[in-house]
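Me: I should like to go through the descriptive terms applied to a protein model and ask what each of them rests on. Please set the values against the criteria and conclude from them.

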Amino acid sequence: MAEHESLEFGKADFVLLDNVSLEEFMANLKLRFEKGRIYSYIGEVVVSVNPYRAMNIYGRDMVEQYKGRELYERPPHLFAIADAAYKAMKRRNKDTCIVISGESGAGKTEASKYIMQYIAAITNPNQRAEVERVKNMLLKSNCVLEAFGNAKTNRNDNSSRFGKYMDINFDFKGDPIGGHINNYLLEKSRVIFQQEGERSFHSFYQLLRGGPESLLRSLHIQKDPKAYTYIKVGGQVKSSINDGADFKAVADAMKVIGFTTDEVHTVYKILAAILHLGNLTFGVDGDVILIENPKVVSVIGDLLSTKHDNVEKALLYRTVATGRDVIDKQHTAQEASYGRDALAKAMYERLFCWIVGRINDIIEVKNYDARVHGKNTVIGVLDIYGFEIFQNNSFEQFCINYCNEKLQQLFIQLVLKQEQEEYQREGIPWKHIDYFNNQIIVDLVEQQHKGIFSVLDEACMNVGKVTDEVFLQGLNGKLAKHAHYTSRKLSPTDKSLEFDRDFRVKHYAGNVVYSVVGFIDKNKDTLFQDFKRLLYNSSNPVFKAMWPEGKLRITEVTKRPLTAATLFKNSMISLVENLACKEPYYVRCIKPNDVKSPLLFEHERCRHQVEYLGLLENLRVRRAGFAYRQTYPRFLQRYKMISEFTWPNHDLASDQEAVKRLLQGCGFDHDVAYGKTKVFIRTPRTLFSLEEQRAAMVQRIVVFLQKVWRGTIARMRCRRMRAGLVILRAYRRYKVKSYIREVNRRFKNVKTMKDYGRHVKWPMPPKVLKRFEEALKNIHSRWWAWTLIKGLNPEEVLQVRAKVASLEALKGQRADLGLQRAWEGNYLVSTRDSPDAASSFTLVSGELQRKDKFMRVLFSCNVRKINHFHKAEDRALLITDRHLYKMDPLKQYKPMKSIPLYNVTGLSVSPGKDQLVVFHTKDSRDLVVCLQGMLPPAESRIGELVGAVLGHFKSEKRKLQVNVASPIQCSMNGRKCTIVVETKINQTQPEFTKGRSGYILSVPGN
Ligand SMILES: Nc1ncnc2c1ncn2[C@@H]1O[C@H](COP(=O)(O)OP(=O)(O)O)[C@@H](O)[C@H]1O
Ligand SMILES: [Mg+2]
């Protein structure tokens, strides 16, 4: 259904032909070929005509045009079908395969290479190194396989002489991660013999024409192919092949793929050894067989890393086991030649299989775990030898043509037979389209007991002398009545068949006359055990690996190996099984002429191919048939979102009804048919349109799903948070409760504790109770203080007040507050400070009490003060609740001067250890004294003095400023001055001296 191509190029899809007739089909094919349109479609089958010229249609730009497009969107191309297979694999997780068929030289191998290139080009957008490596290996392996497996034939300069099925494995992202190559029956007879005009495998000519001098010398070979019996026929053939350049390309490719230098060298040695083998000739001397050119034997021994004696022995003798004895039996010259050729063929075949094995080792998917990497899907590409008819057709052609029969049968099964059967099964009105079913030919070849292979195997099993003629007689006996088999014996008038030599099979693609000569030998494929042992015992490890069964001793080899025909049949059956379980895509190649001309469209040739490929039937089925079918439930599952009747679920009587409604709604009713269990869609366009609508809806569904899912997630999160909160709250309550319970427990007996609970360690509160704990501690402290205070007498109460006052005023500013000791206050009455003078002081203070009527002495102490002459004098200080008195201790404490307490505005002390105190007065006549004469001498009474005076002021609710400073600012006799405290070592008592801006108090510093 390809558009974008004008009709001048013919119809891109044969389905569009006005009439389905062979004439119109051929006319369209020819027109397109002549206009340079080598690809056409029959629905999804690509028909390709070999252009025999370089076409500029495989470049990067073309790849881009086809990438991700649907089949009908672009003109027909291999890339389109490769993309379709790739999409099916990626979208639907399907294993797919691309089956390329057509006769020899029709362009199968080229097509398989373009398909590989396309797949390589569109994958790995992220340029992963590993994927690039795999792709490179897959592409490079082609070059090596062609060198060893392809040869020039009369039909094709690069004819594949082996079958190749390559699986490419993809990861879930659709990137190639590895592959596997299956090779089928190599035409090894070509190693020893080629028909006129043909060549042996490319590898031999490449080595001779491209190998460097030194290499050839080390292999003891010369450049001229004519020097070697096995390949000299092909040596004269002219062709466009550039063996020299190919040699280098293949050597490079082997290196890239990972063959070691030793391995590559061994490959050359094998090729050289085969060439030398071909030149060996045998003669007889009396009864003894000998090799006429023994020098060659030593060269071969050298190349095979074995002793030349052993080589010679293996060529001339055969070890046979008779009962328990083992004897060496001498060959006849004929047997020896047979053995030599068998060895050459087997060595080449093993070499080829070993190369494929080595490539597989390297490209194999490694470390793939489906659970981690997702499903591993496969695209298989089958490029197998095409149907061929030669002048002389032998066992190989028979196998090759059988293979093509099998593939044709698969095509018929999938495209023609199953399709029509399905329409009938589903009750779709259908007019049967006749086609030729070649199952009968397949059976002719492979059927048990009756088939040609069976007869051949039977003949080979016979003991005694079995000849090819015996085999032919067997065929004639068994197949005399078969419509597709004949021989001269069965049709005596047919001169094209030789008596006792030929038989003819009517293949789907034409009649082929096979000559039975060599069938028995080729089927038995005998290689004397001696050769296997010879090569197994080579000191070259590659040979050892190629010939593992050489390990067995002669007496251990009992089982008859499977015949070549059976092996081939089995491999074909498993190949077809493998293909049948994949979604197939077909490329049908047509060879326009026999002379490799880009211009010639030989009508007869092409018509024949179109006929036997069943293209016309294919077209008829296609035109009458349906491009797509699906069971109703699965169809609904995929497309139900398109229609409101079916989304999200339909309530119609059946899925079939629902599908009908859906398709009617889209306006596709005319293009579909409803079967019993499946819906059939005629044109791909309808399907693509459904796909498009689906893709558009899927986006909306995805958004919808996202929305629902996001909501669900949010709700889940919210529920979890709420639950968390409940737990949190319960936990907090528990923590608070247990804290309070613990506090209760610890402080239960607080009243009876000696220290009223001061020593009790508070439990750790939870964070929320941090402030509560502070408050609790505060309450406890207050209660504790109150409990302590309430038992005190009035005298003690006063002392506590004084201490509190002192603490409040000086805390943190002076260290030695003396809070720990009892504060006596009136020190001069005690005999501690002044043992001699206490009585006179008591007398004087009594008189003053009477005179000034004070209630209580706040403080008394000996001091040192500065007099008017800036000199220090010893005095005593008495502070009552009314006055502050200075007294002369030398004159029985005669009062000198009194200052009424209400005149005192403040006190200043230093932060040091000294006992300096300044009483600030309203009239700026501050009193500066330093307490002294304490016992013990280090006792500090500054804290007590401040506390006593301040406590008293507080009780009278009067203010008193207390400063802690150094130096201390004061006013003496109205003049401002400072008092600096200095410590002096070696000083015994405090001393005042005049300083620059006031006075310096020097105190003993120790
Ligand atoms: N698409 C193509 N473009 C150009 N030449 C082609 C193309 N396909 C085939 N040929 C030519 O035809 C020859 C034979 O093709 P090949 O693929 O080897 O055939 P087959 O594998 O079917 O036997 C190639 O060597 C090449 O010269
Ligand atoms: Mg090929």
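Reply: In this predicted model, seven strands form an open sheet with mixed pairing, in the order β1-β2-β16-β3-β12-β6-β7.

Me: What makes β1 and β7 the edge strands?

Reply: β1 (39-42) and β7 (176-184) each pair on one side only. From one strand to the next, the twist averages 20°.

Me: How do you know that β6 and β12 are paired, and in which sense do they run?

Reply: Two strands count as paired if there are at least two bridges between them. β6 is joined to β12 (residues 377-383) by seven bridges, so the criterion is met. The two strands run antiparallel, and Ile168 stands opposite Ile379 in β12.

Me: Which pair of rings ties β6 to a helix, and why is the pair called edge-to-face?

Reply: The pair is Tyr86 and Phe170. Their ring centres lie 5.7 Å apart, which is within the limit of 6.5 Å, and their planes stand at 65°, which is over 60 degrees; the pair is therefore edge-to-face. Tyr86 belongs to helix α3 (residues 78-92) and Phe170 to strand β6 (residues 163-170), so the pair links parts that are 84 residues apart in sequence. The structure holds 37 aromatic pairs.

Me: What is notable about the phi of Asn93, and where does the residue lie?

Reply: Asn93 has a positive phi of about 60° although it is not a glycine. Its place is in the loop between α3 and β3 (96-101).

Me: Why is α10 described as roughly antiparallel to α13?

Reply: The axes of helix α10 (residues 261-279) and helix α13 (residues 333-363) cross at roughly 160° and come within 9 Å. Angles over 145 degrees count as roughly antiparallel, so the term applies to α10 and α13. Their crossing is left-handed.

Me: Which residues make this contact, and how do they divide by class?

Reply: On the side of α10, the residues are Glu263, Val267, Ile270, Leu271, Ala273, Ile274, Leu277 and Gly278. They meet Arg340, Leu343, Ala344, Met347, Tyr348, Leu351, Trp354 and Arg358 of α13. The residues of the contact of α10 with α13 comprise twelve nonpolar, one polar and three charged. Gly counts as polar, so Gly278 falls in that class.

Me: What makes α25 oblique to α26?

Reply: Helix α25 (residues 632-639) packs against helix α26 (residues 655-666) at an angle of about 45°, and the axes are 9 Å apart. Angles under 35 degrees count as roughly parallel and those from 65 to 115 as roughly perpendicular; about 45° falls in neither range and is not over 145, so α25 is oblique to α26. The crossing of α25 and α26 is left-handed. The contact involves Tyr632, Pro633, Phe635, Leu636 and Tyr639 of α25, together with Asp655, Gln656, Ala658, Val659, Leu662 and Leu663 of α26. By class, the contact of α25 with α26 has nine nonpolar residues, one polar and one charged.

Me: Which peptide bond in the loop between α25 and α26 is cis, and what is its omega?

Reply: The bond from Trp647 to Pro648 is cis, with omega near -5°. Pro648 is found in the loop between α25 and α26. A cis peptide bond also joins Ser966 and Pro967, where omega is about -5°. Pro967 lies in the loop between β27 (961-964) and β28.

Me: How do you know that β29 pairs with both β28 and β31?

Reply: The criterion is at least two bridges. Five bridges join strand β28 (residues 968-972) to strand β29 (residues 975-984), and seven join β29 to strand β31 (residues 998-1004), so both pairings qualify. β28 and β29 run antiparallel, whereas β29 and β31 pair in the parallel sense. Ile968 has Ile979 of β29 as its bridge partner, and Glu982 has Ser1002 of β31.

Me: How many residues lie between the strands of the hairpin of β28 and β29, and which residue there takes a positive phi?

Reply: The hairpin has two residues between its strands, and Asn973 takes a positive phi near 50°.

Methods: Residues numbered from 1 in each chain as written. Chains lettered and ligands numbered in written order. Predicted model: local features only at pLDDT ≥ 70, side-chain atom pairs only at ≥ 80, totals over all residues. Heavy atoms only, no water. Axes fitted to C-alpha atoms, helices over the stretch in contact; angles between N-to-C directions. Helix = DSSP H or I, 4+ residues; strand = E, 2+ residues; numbered from the N terminus. Left-handed = near helix turned anticlockwise from the far one by under 90°. Contact = heavy atoms within 4.5 Å. Phe/Tyr/Trp six-rings, centres within 6.5 Å; stacked < 30°, edge-to-face > 60°.
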